[in-house]
Amino acid sequence: MKNSVSRTLKKSVAALAVAAVLLPTSVAAQSLEQAVATALDTHPQIRQAFNRFKVREEQVNQAFAGYYPTIDFDAGIGREWTESPSTRRDALNYNVDDTKELTRREIGVSLRQVIFSGFQTTNEVERSEYEASAEQWALFASAEDVALEVSRAYLEFLRATQIVVLAERNLESHQIIFDQVKQKTDSGLGSTADLSQVTGRLARAHSNLISSKNNLSDATITYKKLVSIAPSDTRLPVPDAVMLPTSLEQAIDMSTIEHPTLKSAGSDINAANAQRESAKGNYYPQVTFDLSAGWDDNLDGTDGTSPIGADVGGNSDEVLAMVRVSYNLFSGGADRAREREAAYSINESKAIQQEAYRDVVEGTTLAWNARDFLSQQMTYLRQHVESAIETRNAYEDQFKLGQRTLIDVLDSENELFQARREYLTAEYDDLIAQYRLLNATGQLLDSLRITTPEVWLGEDAYKGGVQ
């Protein structure tokens, strides 16, 4: 019986060893790159960021409108009742009614071109362009963050899948040993204490499998939330090692130069500076060119008739071309307050950039440390797995010689299961840390060879924007 049990155990642990290292390798697989590309097309966070960028683009167009003239047309017709000094004078002199009721008609066209506005139009265009650039970089930063979330969810799903496989194989080996111990106990050759102990271990193996399946279900739901489709035929991704920094100093240098969040904050500072310059425009006079024409009839009770004269018509036509200068001499201190407001906005933007800088440096350092310490940890975890395999094999050989019990073999199986699960967890944590590092340096999308939509570049090349 010992030889039979030994052969069965050997098959079981061999299957467990294979299951622990096998990873999905389907040819027609859903790659991480495909998952990220799908998420960028469907994720609400990306759509929100894109529409915020488009809002800023339209504000740029609004600011550019200040360079062009405004043309207005107005027309009207209706009844007008008039009592005025003129009508009362006619009533006194010519014995007519002192009121007049006429059909009034108005048609007018006007054009205004701002010639000088204290450089407000120029500064408003610059401000709106920098604000558009800030939102554009925020869009790319959102894409980087979503890509990291998808990468993490993708790897968590793979890890949960492999842990379920480990748990299933572990349960299978426990079930085999339980059946053998129960058979010995039923035949009177085994101890009921051993059976009780194996029963408890078997229950824990069932619990481990249920917990693993629950984690897999959670990982699947998280993945589906991000990508909008369920994972299917996934495969293990390989981070682009060429793009990974080789030192913490290099990583920080790359992140502080390339990270889109910092570029967005820099554009916000430039926009605040332009806003302050625009506020100073109120200190200058405004020069405009006005061109207007009007064709009116029967205005103010005058229809062109006279009790003693000829009818000269009630129309009043006018064409006017003027260059006007307007200058506000006092506004109650509002102009100075607007300038100070803009100055405080500059300081606020600088503080936001400093906070973003600290966040980027912190995120980069944490990602680097995670990978560094995981590399050290995995060395010992690998040794743990190797030692657990040697122990399991030694216990199996000793069991053949009658020096070990099935309980001892089961203990070695449990130790090997825990060692493999810890090593598997560390392997995926290391992969996640590498993608975190690529994200921290603003290179995750490039490393995945993801081509962002062309519309993200905007209608024009804005100052400080993505080129």
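Start with helix α10, which covers residues 406–440 of this predicted model. At 1.5 Å a residue, its 35 residues should span 51 Å, and the end C-alpha atoms turn out to be 50 Å apart, so the two values agree. The points below stay with the helices for a bit, then move on to a pocket and two loop residues.

**Helices α10 and α9**

- How many of the 35 residues of α10 are buried? The count is 25, so the rest of the structure largely encloses this helix.
- After α10 comes G442, a glycine with a positive phi near 70°.
- You can try the span check on helix α9 too, which has 67 residues and runs through residues 334–400. At 1.5 Å a residue it should span 99 Å, and its end C-alpha atoms sit 95 Å apart, which agrees.
- α9 is also followed by a residue with positive phi: G402, near 80°.

**The largest pocket**

- Rolling a probe the size of a water molecule over the atoms shows where empty space is left.
- In this model, the largest pocket holds about 310 Å³ of space.
- Which residues are closest to the centre of that pocket? Out of 16 lining residues, they are W137, F140, E144, G442 and D446. You've already met G442, as the glycine that follows α10.
- Three helices each supply at least two residues of the lining: α5 (120–186), α8 (260–279) and α11 (444–447).
- α5 gives the most, with 3 residues.
- As for chemistry, the lining is a mix: 8 residues are nonpolar, 4 are polar and 4 are charged.

**Two loop residues with positive phi**

- Most residues other than glycine have a negative phi, and that's the background for the next two.
- S228 isn't a glycine, yet its phi is positive, near 75°. Look for S228 in the loop between α6 (192–227) and α7 (248–258).
- N298 is another residue other than glycine with a positive phi, this time near 60°. N298 is found in the loop between β3 (286–297) and β4 (315–326).
- Is N298 buried or exposed? Its relative accessibility is 10%, and buried means under 20%, so N298 counts as buried.
- S228 has a relative accessible area of 40%. The partly exposed class lies between the buried cut-off of 20% and the exposed cut-off of 50%, so S228 is partly exposed.

Terms used
Residues are numbered from 1 along each chain as its sequence is written. This is a predicted model: local features need pLDDT of at least 70, side-chain atom pairs count only at pLDDT 80 or more; totals for chains, interfaces and linings use all residues. Side-chain values use heavy atoms; hydrogens and water are left out. Helices (H or I, at least four residues) and strands (E, at least two) are DSSP runs, numbered from the N terminus. The expected span of a helix is 1.5 Å times one less than its number of residues. Buried means under 20% relative accessible area, exposed over 50%, partly exposed in between (1.4 Å probe, protein chains only). On a 1 Å grid over the protein atoms alone, a cavity is a set of points where a 1.4 Å probe fits but cannot get out, and a pocket is an open set with protein on both sides within 12 Å along at least five of seven lines; lining residues have an atom within 4 Å of a point. Grid points are joined across faces, edges and corners, and a volume is the space filled by probe spheres set on the points. Ala, Val, Leu, Ile, Met, Phe, Trp, Tyr, Cys and Pro count as nonpolar, Asp, Glu, Lys and Arg as charged, and the others, Gly among them, as polar.
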